[in-house]
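Student: I'd like a close look at just one part of this model, please. Start with whatever I need to know to follow you, and then carry on to whatever connects with it.

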Amino acid sequence: MDSLSKIRSVFRENGCTELYAKILAENDNAKNQIYFGPNFKALSVLPILSVTKGKGKKSLFGLLDFYWLEGQNCLLGANGAKLIFYPQYPEVRFSGFLRGTDISYSRLLAEDTRVHGRVLFLGVAGSRVIGLVVSAGARVAKEVAKVAESSDDVLVDIGVLSDSNSAKNKLFKSLKEVSKSGWLKSCRRSNDKILPCKGVNCGGYTLEALLGISNNGKSEPDFMGWELKSVQAKSFEKMPVGRITLFTPEPDGGIYVVKGVNQFVQSYGYPDKNGKPNRMNFSSPHYFGKINKNTGLKIEIQGFSKGKITDTNGGVCLVGKRGEIAAKWNFSGLMEHWNKKHNKVCFVPSQKKASNNCDQFRYSDMVYLGEGSDFVRFLSALEIGAVYYDPGIHVVNGVPKRRSQFRVDFKKLSCLYDRFGSESLI
């Protein structure tokens, strides 16, 4: 594996859809841990199985399903591999990557190894991460160094495909074919079968079905590392103005959890305003620092100040007038939900033609790309009111329906990404 094209080929053969490279510093080794950057980007790029809190309030651990590539097709698991976020610096480091395995090139990462210019490759295959290290003098290390010259990221995205045949180009080619097809019947894909679709989410399901994606609810991105989101638009000539649902995590603390959803809605909800009997609602947008007139609650972020996490035990909270925590989303749980599907997103404007038999959708040849997000960006956007909590929770005859969602207006999406803008498919 003496060339970048060969490296890409081997990772592709092992099921990887994304490939990153890190040029190792002199002190990047098993003792000092490997530095992955001064922010949460590594946590968005690499799929994390779970997030747990370290001792006190000093760190968060992101467990990885990690394997070393030995030869071309042999994978050796490292059962202690994890990402560690230290908010006091802040920085992310890679740790435990040699535990439980014995790879032939482990000397390149040994505790006493201090060599600048080695290269760590990290491939993403679904929920797996596959690693490979090459020496500083290898030809491929010099190739990566040239690619890294044009990138500011610690983990350089080099892709499993060449630039001319990249995942982005493949995505654009597929979306262009969909756009050219005009009005299309509403549908969804399930286990390679195309089925009719009825419901509010059919614009997205139809787009995914036409690109060969099943609506299976997996936490990984839809298309070779890219997440797809259909956005309703009145006109394809203007930027959409609707709301985007970012994710729908359930609270993991507060009265909502301790006393249950029914008691929560009884305490903070209100009778249905359309007169539906035996129904209590808990809905309407909740913003940071502002009391919602319907519920009496406001959003606060505990353990977050001046753009930094100061306490890993903190989280996003719904707080009542007496200071009680009505609901809480701990940082660790939110990170698991936010992690993978927000780093590279393609927003596709769509229009709907209603019909009694089958609705139809068409899709624009102009899309919007958001690239380079992290969890701190989400918290910062929540703090300035760009992101808000917009629940749709109700209880009817004692039976609860849960729907906790964080949303953002389309025109404010740019605050969540390093790069955001429109691109033509033509």
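Tutor: Let's begin with a word we'll need: two strands count as paired if DSSP finds at least two bridges between them. Keep in mind, too, that this is a predicted model.

Now for the part I'd pick. Find β19, β22 and β23, which form an open sheet of 3 strands in the order β19-β22-β23. The pairing here is antiparallel. Look at the two ends of that order: β19 (298-302) and β23 (325-330) each have a single partner strand, so one side of each is left without a neighbour in the sheet. That's why we call them the edges. Going from one strand to the next, the twist averages 25°.

Zoom in on one of the pairings. β19 meets β22 (residues 315-319) in the antiparallel sense, over 5 bridges. If you want a spot to put your finger on, Ile301 stands opposite Val316 in β22.

Next, add the helix. α8 lies across β19, β22 and β23, and runs at about 55° to β23.

Stay with α8, since it takes us to a hole inside the model. The count comes to 1 cavity of 30 Å³ or more, and the largest cavity holds about 30 Å³ of space. Around it you'll find Phe40, Leu43, Ser44, Met335, Trp338, Asn339 and Phe375. Two elements give two or more residues to that lining: α2 (41-45) and α8 (331-338). What kinds of residues make up the lining of this cavity? They divide into 5 nonpolar and 2 polar, with no charged ones.

One name in that lining leads us further. Phe375 lines the cavity, and residue 375 is also where helix α9 (residues 375-383) starts. Helix α9 belongs with another sheet, and here's how that one is built. It's open, with 3 strands in the order β16-β30-β27, and the pairing is antiparallel. Its edge strands are β16 (243-247) and β27 (387-389), each pairing on one side only. The twist in this sheet averages 35° from one strand to the next. Helix α9 packs on the sheet, touching β16, β27 and β30, and its direction makes about 75° with that of β27. For a close-up of the strands, β16 is joined to β30 (residues 406-409) by 4 bridges, running antiparallel. One residue to look for is Arg243, which stands opposite Asp409 in β30.

Now go back to the other helix that lines the cavity, α2, and follow it somewhere else. The second largest pocket holds about 860 Å³ of space. Its lining has 38 residues, and those nearest its centre are Tyr20, Asp153, Asp157, Ile158 and Arg419. The elements giving two or more residues to this lining are β1, α2, β11 (156-157) and α4 (167-180). Which of the elements gives the largest share of the lining? α2 does, with 3 residues. The pocket lining is a mixture: 15 nonpolar, 11 polar and 12 charged residues.

β1 gives us one last link. The loop between β1 (18-23) and β2 (34-35) holds Glu26. The side chain of Glu26 meets that of Arg114 in a salt bridge, at 3.6 Å from N to O. Arg114 sits in the loop between β8 (91-95) and β9 (119-125), 88 residues from its partner, and the pair links distant parts of the chain. The count for the model comes to 15 salt bridges.

If you'd like a hairpin to practise on, try β5 (residues 65-70) and β6 (residues 74-77), an antiparallel pair joined by 4 bridges. Tyr67 has Gly77 in β6 as its bridge partner. There are 3 residues between the strands, and Gly71 takes a positive phi near 80°.

Key:
Residues are numbered from 1 along each chain as its sequence is written. This is a predicted model: local features need pLDDT of at least 70, side-chain atom pairs count only at pLDDT 80 or more; totals for chains, interfaces and linings use all residues. Side-chain values use heavy atoms; hydrogens and water are left out. On a 1 Å grid over the protein atoms alone, a cavity is a set of points where a 1.4 Å probe fits but cannot get out, and a pocket is an open set with protein on both sides within 12 Å along at least five of seven lines; lining residues have an atom within 4 Å of a point. Grid points are joined across faces, edges and corners, and a volume is the space filled by probe spheres set on the points. Ala, Val, Leu, Ile, Met, Phe, Trp, Tyr, Cys and Pro count as nonpolar, Asp, Glu, Lys and Arg as charged, and the others, Gly among them, as polar. Axes are lines fitted to C-alpha atoms, for helices over the stretch in contact, and angles run from 0 to 180 degrees between N-to-C directions. Contact means heavy atoms within 4.5 Å. A salt bridge is a side-chain nitrogen of Lys or Arg within 4 Å of a carboxyl oxygen of Asp or Glu.
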